[in-house]
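Student: Could you take me through one part of this structure closely, namely a single strand and the sheet around it?

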Amino acid sequence: MSGDGQPADAEPAATAGPAEANIPDDADVDVEDIDPEAADSSVEEDAKTVPAGLPLRVQNLRKQFGGITAVDGASFEVEEGSLTGLIGPNGAGKSTTFNCITGVHQADGGTVLFQGEDITGRKPHEIANRGLVRTFQIARELEAMTVLENLMLAPRGQVGERMLHSILPGLRGDVVAQETELRDRVWETLEFFEIDHLAEEYAGNLSGGQRKLLELARALMVEPDMLLLDEPFAGVNPSLEEKLLDRIHDLREQGYTFLLVEHDMDLIMENCEHVIVMHQGKVLAEGSAEDIRNNDQVIDAYLGDEI
Amino acid sequence: MSRVWNAVPDFFKQSDLRMVGGLLLLVYVVYALVNGFFAIVNNAGAVNAVVNSLASITFLMAVYAMMALALNLHWGYTGLFNIGIAGFMAVGVYASAILVAPPSGSPPGLGLPVPVAIVGGVLIAAIIGGIAALPALQLEADYLAIVTVGFSEIIRLTLQASHFAGTVQNPSASGYNVVSIFGVEFGTGGGQGITTISNSPMEFLFEGESGPTVLGQAVYPAADAIGIPEPVVLDLAYAFFLLLVVVSLYYVLLLRIGNSPFGRVLKAIREDDLVARSLGKDTRGFKIKVFMVGCGLMGLGGILWQGSFGFVNPNTFRPILTFYIFTALIVGGAGSNTGSVVGGAVFAAFLFEGPKLAARLIDAVAQLLFGGLPAPNNFYAAVVTLNPIAWLGYLVENVASLKFVFLGAVIVYLMQNRSDGLLGDRKEIASSVDLSQRPERPSAAADGGEPSDTAPSQGGEGS
Amino acid sequence: MGVTEAYREGRDLVVERPAVWLLVLATLYLAVDLAGKLAGVTLTVGGTQLVGGDLAVSTFGRFMKDGLIVGLVVGLAGVGLSMTYSILNFANFAHGDYLTTGAFSGWLAAYVTAFVTLNANVPFGEIFLLNEPALVSIVSTPLAVVVGVVVSAVVTIGSVLLLDRIVYRPMRDKGGISLLIASLGVALALRYVIVIVFSTNTRGLTRTSGVPALDIPAIDGVVPLDAHEVTLVLFAVGLMLGVHLLLQRTKLGKAMRAMADNKDLAQVTGIPTERVVRATWIIGGGLAGVAGFLIVLERGTLNFNLGFRLLLLIFAGVILGGIGSVYGAMGGGIIIGVVSRLSLVWIPSDFARVAAFLVMIVVLLYRPEGLFGGVTTA
């Protein structure tokens, strides 16, 4: 069962992802990391029942703080090119789930697969570099850096991030050339989000809504495959909210995948084709907005008299 | 402070070079006038006194500018609150001194050539910095402060200990204290100190093995003719070498590090480490690199500074030295490279040497007016005279202590009222290109260049 | 799942914190070695001495006694540092110089008292500048010592409140690093005001030998405990008990504990925070001043660097005990004192302070919440 079975079982999981090739080293480590028995069954099952195009798969995620269980065996999937909403009452474990997916917290159990690769317990920068980028609930702009600098920071694979390239006369030319290219992309992105008039402002001087736009723009500069947005509309005025939504829909049509944590039920119901409801650290229900609206459990647990 | 800044002619504000040049000019004029005045009052040679004072103030301005620049990399750019600078300087100075000392000396060393010793000293300082960086990866700023100052004291106390001094070289003697690693024997000199790599770094330019070189033959007689002795020529040459060559190199290096994608990540670490990590930056690696480079620069600074006196002991590297360098950077403005240079110069000329100069001036004026100030020999004796002139005399006499009170007050004032220093609020954009330059395209109608994009709505502009 | 978890936890401990295990092993080794040394047992393997050796029990006793005494002073001084760290949110680098302030003011008062009671035939200037050697002792001038303790507390409290008023209070809304840097400025200014008055001379203020001593019998000798040390212990333990009662029994003490735990919460629930801040400075400053006075009583000598040299040891104690915890500061101080002296069993005295600083750094790295766990305040 275990000896020969393992590599065979790991293969389909790795190839399930659309883009990344299977890296044998990683696959070995991954399989060793998880309980072989459990891993076999879940991976096997996924490979059989799930069609291609599920960039993010969360399986049985658990996280405890002290004696409190914040996430208690949550499992869900996000479809490629979808705008998926994650909702739930306060303390349902949404943010903790987010933090476990993005490596800010170490999960106590369970697996997170991105593009078929196990990213459980990876460090935040490793996860971002695989193409899974997040924004923060309270916009964390880099205050004493300008909007331009904020965006220039994000792109991956900048040669100038190697110190010697930035210092040495012969090599600095490459850095300048790449930065000139990036600058053009940055301006395009600023124009796309209509914050180009703020380009040279310090990020700290922006309004709450503008900061959210900046964060999304910055995340986009990483050229991710998938974006995790943590309450992107909190504290944003209605006109800016609409603008932000327009941009998210535009980007989705271009093929980006979104997972959205949000407090505002109506917003999620109107905009997301797939909705996941969390309650007390577990996934309570999953489906289209219509399914969720008609789900008795959800109504009992969360919506109550709101609808 | 803003009033002072407004009074500066616009000419000097137009470029950084003019600003630094103007500041140096101001310092030189003040020092030349005051020291010339002293010489005349004391009937001494005015030219020699003035040149001598300019050499020493240039040296101090240069070393503080150099160190402030190195610290700016840690604190200004990356937000790493390293208050163990003195320790890393000590590592550089001691490592180079040990590498250069002859194997037969007391303490013994490795007998390597000077350039190798300098490079070695810098590398060792960088490696020790890398080790000290490990706590920097996980500690908050104030904990890092305590750890680094503790680290610096550990270095100083270790250098001071007689255990590794290398002064008792007879293996059978009871206090045998030569360090031996893989057969290489050396010692730190312990509390007695150690001979550094040089006591007159510029001598080789002017004096060969057999008398003065061509340069020496040209310069010495000319200097002598206007009353400047040879040692002063050497001091002056070294001071300007530090100011014009070394500080410029540090500045360019820092500018290149800062104005680049690398520097941008450092800034992001300072602002919010988690954001940098969430954007895919391995901030640990960046911090270790920055710590190593900064500590290497601090080590080099130490070698060029304390290493140029010919002799040094561990007490030179007390935490107060770190405090001086921090004050210089805070005065100039953390985060700004030009600010670091300006801060180094202002600190050296006005805060560090200023009180001494003022005291001498008061003393000289008093001497001219009524034959000198009374000089009570202790506080009690001064107080019981009930004579304000005697009190002034006591303070002038104790200006070395008064200086520290003044420095402390300046720091408190700056932290309360202007924590950005003189130039810390300037925008120095971290990029190798001018970011404000927009790509030239027909119109800014901008559908983002993305193929399948819909036209952006003309919705309300952000507030 | 259980297997996975257990495996992960085990891996985390060994992989991520190997240093912790190394430290535990090293500590165990030292303990066994010490026991061997005391028992005079040596275990030799292949020509190298593995553990044991020879250490007189009385020598060990002396190390312990010296360590406890230094530790009491460090612990006493640490209470204030810990409280200001948690309530005002900054590492106060001027705290060491509060000890120096207490030492000079207290000894000045003691000298003046002794001058009056002994009717000494010395110029008053020499008394004022503390230049007359060894005038005061607990045996010949007990009143002077008591006056010194009281005055050291009062003057230090006054200076600390004044400094808070002009330096720290206008900065309440600034970050911890701004306050830390300002405190470096305060430290320097305070220290050199003292130098301007008293100069940089080191003076001997009381005898360290010839003071009546109690010989505590140890197996192979005695551990002498002299009257000054007894005085120090009595005052230090008494003050620590006083702080304990204050924190546990009074409304103010409860408010202080609440604030140290959660400043925002305390503000919301309406505890007068400025009043608590003032109380913090009064208690912390008073204890620091007395600590400065007492350490001189034991050492006999005083110079302007006294407090600054102790500062890092005090920080070490506070960190060891867990920042914000008053009892932790006391316990941590005592441990640091003992460590710095007991380390002499293995290393030369040049490195006693190095050992204490290393302990501090290691604790910060591997157990930043302190040895006694994450329980803040009391």
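Tutor: What follows is a close look at strand E9 of chain A and its surroundings. This is a predicted model, in which local features need pLDDT of at least 70 and side-chain atom pairs count only at pLDDT 80 or more, while totals for chains, interfaces and linings use all residues. Residues are numbered from 1 along each chain as its sequence is written, and chains are lettered from A and ligands numbered from 1 in the order in which they are written.

The setting is an open sheet of six strands in chain A, ordered E6-E7-E8-E3-E9-E10 with mixed pairing; strands here are DSSP runs of type E with at least two residues, helices are H or I runs of at least four, and both are numbered from the N terminus, while two strands pair if DSSP finds at least two bridges between them. Strand E6 (132-134) and strand E10 (282-287) of chain A stand at the edges, and because each has a single partner strand, one side of each is left without a neighbour in the sheet. On average, neighbouring strands of this sheet are turned by 20° against each other, direction ignored, with axes taken as lines fitted to C-alpha atoms, for helices over the stretch in contact, and angles otherwise running from 0 to 180 degrees between N-to-C directions.

E9(A) itself covers residues 274-279 and is joined to E10(A) by five bridges, the two strands running antiparallel. Within this pairing, Val275(A) has Gly287(A) as its bridge partner in E10(A), and Val277(A) has Ala285(A). The two strands form a hairpin with two residues between them, and Gln280(A), in the turn, has a positive phi of about 50°. With E3(A), by contrast, E9(A) pairs in the parallel sense over four bridges, and here Leu86(A) finds its bridge partner in Ile276(A) of E9(A).

Five of the six residues of E9(A) are buried, so the strand is largely enclosed by the rest of the structure; a residue is buried if 20 or more other C-beta atoms, placed from the backbone, lie within 10 Å of its own, exposed if 12 or fewer, and partly exposed in between. Helix H4 (residues 94-101) of chain A lies across E9 as well as E3 (83-87), E6, E7 (226-230) and E8 (257-261) of chain A, and runs at about 145° to E7(A).

Notes: Contact = placed C-beta atoms within 7 Å.
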